[in-house]
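Colleague: I'm new to this structure and would love a close look at just one part of it. Could you pick one helix and walk me through what its residues are doing?

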Amino acid sequence: MYYYYYICCDLFRAAIDAALNQNSVYNQRIALENVTKALDLLVQELTRSSNQYASRFHPIAIRWQQIVVEYVQTLIAATELHQEIDDPYIFGVPLNEQVQLFMGRTSIGLRIEKLILDRRRPPLLLYGQRRMGKTSSRYWIKP
């Protein structure tokens, strides 16, 4: 049974190390919260166990749990302090007829052209996420 608890401690050490090596604070927090849940289960198991080694590992597991919970709280506080969300979009000017980079949208362009040339003039709404080329499409179409 000693080796079981020893292996558990080694697995928790590896899980904590992997969590701390995550790229973002959010991913670190999620991984460490999972470690906290697993440590909670281990503490419960050690509390119920009558094994002689359980009493030795119990304070270690409790201390690890306290350390991880405190660090998670630190990560939450740091996230709340900054309150900034990274903008994944790259800002730039829309492409126009002078810029030859507007490529790969021929099917969309043909569909728009067909709608514009239709005698009934159906309404045309071009929508999508930022930086997808909506404004560049507008400049690409000759008025």
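**A close look at helix 2**

Modeller: Happy to! Let's begin at L42, which, leaving aside its neighbours within four places in sequence, is in contact with C8, F12 and A61. Please keep in mind that this is a predicted model. L42 lies in helix 2, and that helix is the part I'd like to show you.

To find your way, start with the whole chain. The protein chain has five helices and zero strands, so its elements read α-α-α-α-α from the N terminus on. Of its 143 residues, 19% count as buried. Among contacts between residues at least 6 apart in sequence, 69% join residues at least 24 apart. The accessible surface comes to about 11500 Å², and 57% of that belongs to carbon and sulfur atoms.

Now to the helix itself. Helix 2 covers residues 25–48, which makes 24 residues. How far apart should its ends be? At 1.5 Å a residue the expected span is 34 Å, and the end C-alpha atoms are indeed 34 Å apart, so the expected and modelled values agree.

Just before this helix comes a loop, and N21 lies there, between helix 1 (2–20) and helix 2. N21 counts as exposed because its relative accessibility is 54%, and the cut-off for exposed is over 50%. Its side chain reaches back to the backbone oxygen of D17, at 3.0 Å.

Which residues of helix 2 are buried? They are Q28, L32, V35, T36, L39, L42, V43 and L46. L42 is a good one to look at again: its relative accessibility is 8%, under the 20% cut-off, so L42 counts as buried. You can also use L42 to see how the chain folds back on itself in space: L42 and F57 are 15 residues apart in sequence, and their C-alpha atoms are 9.7 Å apart.

T36, also found in helix 2, has a relative accessible area of 16% and is therefore buried. Beyond its neighbours within four places in sequence, T36 is in contact with Q65, V68 and V69. Follow one of those partners, Q65, and you arrive in helix 3, which spans residues 54–82. Q65 is buried too, at 16% relative accessibility. Seen from that side, Q65 is in contact with T36, L39, D40 and V43, again leaving aside neighbours within four places in sequence. Among these partners, T36, L39 and V43 appear in the buried set of helix 2.

Another residue of helix 3 that touches our helix is Y71. With the same sequence neighbours set aside, Y71 is in contact with L20, Q28 and L32. Is Y71 buried, exposed or in between? At 36% relative accessibility, Y71 counts as partly exposed, whereas its partners Q28 and L32 are buried. The C-alpha atoms of Y71 and R29 are separated by 8.6 Å, although these residues are 42 apart along the chain.

R29 brings us to a charged pair within helix 2. E33 forms a salt bridge with R29, and the closest N and O atoms are 3.2 Å apart. Why can these two pair up along one helix? They are four residues apart in helix 2, which means that about one helical turn separates them. E33 is partly exposed because its relative accessible area is 26%, which falls between the 20% and 50% cut-offs.

A search of the whole structure finds two salt bridges, so to speak one to visit outside our helix. D118 forms a salt bridge with R120, where the closest N and O atoms are 3.1 Å apart. R120 counts as exposed, at 71% relative accessibility.

One last stop, for contrast with the buried leucines of helix 2. L117 is in helix 4 (residues 106–117), and with a relative accessible area of 64% L117 is exposed. Together with I116 and L124, L117 makes a nonpolar surface patch of about 290 Å². Compare that with L32, L39, L42 and L46, which are among the buried residues of helix 2.

How values were computed
Residues are numbered from 1 along each chain as its sequence is written. This is a predicted model: local features need pLDDT of at least 70, side-chain atom pairs count only at pLDDT 80 or more; totals for chains, interfaces and linings use all residues. Side-chain values use heavy atoms; hydrogens and water are left out. The expected span of a helix is 1.5 Å times one less than its number of residues. Buried means under 20% relative accessible area, exposed over 50%, partly exposed in between (1.4 Å probe, protein chains only). A polar contact is a pair of N or O atoms within 3.5 Å; within protein, one must be able to donate a hydrogen and the other to accept it, and residues adjacent in sequence count only if both atoms are side-chain atoms. Contact means heavy atoms within 4.5 Å. Patches are made of residues with over 30% relative accessible area and no salt bridge: like charges are joined within 9 Å, nonpolar side chains (Val, Leu, Ile, Met, Phe, Trp, Tyr) within 5 Å. Accessible areas come from the Shrake-Rupley method with a 1.4 Å probe; for residues, only the protein chains shown count as cover. A salt bridge is a side-chain nitrogen of Lys or Arg within 4 Å of a carboxyl oxygen of Asp or Glu.
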